[in-house]
Amino acid sequence: MDIAALIVGLVVAVLLVTTAARRLDWPEPLCLIAVGVAVSYLPGVPEVHLVPEVVLLGLLPPLLYATAIQTSLVDFRANRGPIALLSVGLVTFTTLAVGFVAWLVIPGLPLAAGFAIGAVIAPPDAVAATAVARRVGMPRKIVRLLEGESLVNDAAALVALRTAIAGIAGSVTLWQIGGDFLRAAGVGILIGLVVGFVAAMIRTRLEDAVTDTALSLAVPFIAYLSAEAIHGSGVLAVVLAGLILGHKAPEMLSGSSRLASKLNWQTIQFLLENMVFLLIGLQVRPILAEVARGDLSGWQLTVICSAILLVTILTRAVWMFGIASARRLFRLKAWRWSYSAVVAWAGMRGVVTLAAAFVLPDDTPQRAVLVLAAFVVVAGTLVLQGSSLPWLVRKLKLPAPDPAEDALQEAALINAMSHTALAKLEEAKRPEDPPEVLERLRDRMRHRTDSAWERLGTQGSLEETPSSAYRRLRLEMMEAERKYFVEARNAGKADDEVLRRVLERLDIEESMLDRAKEEAPLAEDRELRTPAATAGSCKHLGHAWREVDPSSEDQCAACVEDGMTWVHLRMCLKCGNVACCDSSIGKHATRHFQDTLHPVMRSFEPGETWRWCFVDKQLG
């Protein structure tokens, strides 16, 4: 009963605090920690002891898996070098540096125990890093690196911790350390591959979304426990299984299964990652109570915790700028210094650090001090780095993900997919297929493509694009349908099973509506950045087009002549003809190409410079 009440209390607290933090625009992790600290001192509130197994077995696997299935395996492979440098190299460097400083400042602490607290503190937290990165709006290149690092670094840190604990009890050789790491990594990778591919085979054959989602909930625990049972890295097993299943999801799952799995894992991730920060705050009271029973003064504790926090922050900065300097020295491809600065400052620690501190044996010298130091590092990095990271990103003027570039890539991808689908329709259609059905399918493809292209325009002559009008009107129609549905249900006009099927059909249609996302307005001085691969494979886009004068400054002459309105304007790069886009009724830009065979046009909307080749159907 007490455990059930605690879980319910944690969930309710998470919902209340995160809602309030979002309304006040305060950082959610820091608010949750502060509330946890305050609640731990309320009269009548029992002490919450964070059992390491609860975190390492109950929280860590699903949190890692939820992040892994949303991480691009393609991007992870592309960044494997930098990820390895951070998740293995930096973890080792931090373990040694923090361990040596802890050995110097804590009286009577063996060097092996110092290395143990170094391993505890070494890995930045997956939850803290990605939570702040999403809120800040960092460049995606940095976010992907931080996500990759936070997925793998726990494995290196936990292996180092096990080795250091063994060193406290006796001697450990360098060969044993290397052997333990290689065995843990090898077994973890092997188990992750096996669990990932076997789960993918099973889920490919499942048609029921409920069964598929239930299996996905079990996968991280199967991978973690299987690897740990044979002395492998459960972290690596979970991460690899999640990467494989996330990569294979478009091929192995039905649409309903993907939607159900995504929603469930988003809910699980939200609750667990926020409960993690709340649990960190709840640990303050028992940690301070244990330290008070020791023989160190408050001044000594302040010096110890400050020194360990300082060296934790400095080691990451030294490592990042050391790597950047080495790459420049050897003339290798290196990031900009501003990127290195942000990655160096994004080293927030989290609940894994605190849980690993409790793994230290009870007879470890100065154990209470070590646990307190781990908490100070967690809270200190979240407060110092987590709160100042947004300011640093703004100060360095790092570009946030560009909604214009996203819309451009989305339009190109949807356009190519639609052409493929229409070609398949011509191949698969039968003579007996009703013409109206075929035309309805073609209209659906055209509507979806037009909707994507319309999102690129910002200054059309219409206040509302056709796709936006369609969404608005259809949603109003659906609201009327729902009102009648409720009346029919309350009056008992149909059986409950029939009512549920009708409602499900209505819900599916609503979810399929192409809702335009609320994007930030494009900066006037920002040009669209187009993927180089698209222009490189088209001779027309690669041609150096000379400057031509537009035939009109702000209108489609053909639309004016025909009494039509246009959505967005396009300009022919061969002759300068300005005409309307394919979302407009006249489609005069396409008609101009059909009449003249001039291959390339560009957007004639303010702030847009993307081009389109009608011949090769590519962006540039």
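These are my notebook entries on a sheet, some aromatic rings, a pocket and a cavity in a predicted model.

**Entry 1: the sheet**

I started with the strand order. The model has an open sheet of five strands, arranged S2-S1-S3-S4-S5 with antiparallel pairing. I then asked which strands stand at the edges. They are S2 (578-580) and S5, and each has a single partner strand, so one side of each is left without a neighbour in the sheet.

I went through the pairings next. S1, residues 569-572, is joined to S3, residues 600-603, by three bridges, and the two run antiparallel. S1 is also joined to S2 by three bridges, again antiparallel. On the other side of the list, three antiparallel bridges link S3 with S4, residues 611-613.

I looked up single residues to fix the register. Met 571 stands opposite Val 578 in S2, and its bridge partner in S3 is Arg 602. For Met 601 the bridge partner is Trp 612 in S4.

I checked the connection between S1 and S2 as well. The two strands form a hairpin with five residues between them. Gly 576 lies in the turn and has a positive phi of about 85°.

**Entry 2: side chains of S1**

I wanted to know which way the S1 side chains point. In a regular strand, side chains alternate between the two faces of the sheet. Leu 569 and Met 571 point one way from S1, while Arg 570 and Cys 572 point the other way. I also asked whether these four are buried or exposed. All are buried, Arg 570 included.

**Entry 3: aromatic pairs**

I counted aromatic pairs and got five. I noted two of them in detail. A pair of aromatic rings is described by the distance of the centres and the angle of the planes.

Phe 100 and Trp 103 have ring centres 5.6 Å apart and planes at 40°, so this pair is tilted. The two residues are three apart in helix H5 (residues 80-105), which means that about one helical turn separates them. Phe 100 is partly exposed at 44% relative accessibility. Trp 103 is also partly exposed, with a relative accessible area of 37%.

Phe 593 and Phe 614 form a stacked pair, with 4.8 Å from centre to centre and 10° between the planes. Phe 593 lies in helix H25 (residues 588-596) and Phe 614 in the loop between S4 and S5 (618-619), so the pair ties together parts that are 21 residues apart in sequence. Phe 593 counts as buried because its relative accessibility is 16%, under the 20% cut-off. Phe 614 is buried too, at 12%.

I noted one charge over a ring. The charged end of Arg 328 sits over the ring of Trp 337, 4.3 Å from its centre.

**Entry 4: the second largest cavity**

I searched the whole structure for closed spaces and found six cavities of 30 Å³ or more. The second largest has a volume of about 60 Å³. I asked which elements give two or more residues to its lining. They are S1, H25 and S3.

The lining takes in residues from the earlier entries. Among them are Arg 570, Met 571 and Cys 572, with Val 600 and Met 601. Phe 593 and Phe 614 line this cavity as well, and these are the two rings of the stacked pair. By residue type the lining divides into eight nonpolar, three polar and one charged.

**Entry 5: the second largest pocket**

I turned to the open spaces. The second largest pocket holds about 650 Å³. Of its 26 lining residues, the closest to the centre are Asn 415, His 419, Thr 449, Asp 582 and Thr 590. Two or more lining residues come from each of helix H18 (403-428), helix H19 (435-454) and H25.

I asked which element gives the most to this lining. H19 does, with six residues. The lining is made up of ten nonpolar, eight polar and eight charged residues.

I closed by noting that H25 appears in both linings: it gives two or more residues to that of the second largest pocket and to that of the second largest cavity.

Terms used
Residues are numbered from 1 along each chain as its sequence is written. This is a predicted model: local features need pLDDT of at least 70, side-chain atom pairs count only at pLDDT 80 or more; totals for chains, interfaces and linings use all residues. Side-chain values use heavy atoms; hydrogens and water are left out. Two strands pair if DSSP finds at least two bridges between them. Rings of Phe, Tyr and Trp (its six-membered ring) pair if their centres lie within 6.5 Å; planes under 30 degrees apart count as stacked, over 60 as edge-to-face and the rest as tilted. Buried means under 20% relative accessible area, exposed over 50%, partly exposed in between (1.4 Å probe, protein chains only). A charge sits over a ring if NZ of Lys or CZ of Arg is within 6 Å of the ring centre and within 35 degrees of the ring normal. On a 1 Å grid over the protein atoms alone, a cavity is a set of points where a 1.4 Å probe fits but cannot get out, and a pocket is an open set with protein on both sides within 12 Å along at least five of seven lines; lining residues have an atom within 4 Å of a point. Grid points are joined across faces, edges and corners, and a volume is the space filled by probe spheres set on the points. Ala, Val, Leu, Ile, Met, Phe, Trp, Tyr, Cys and Pro count as nonpolar, Asp, Glu, Lys and Arg as charged, and the others, Gly among them, as polar.
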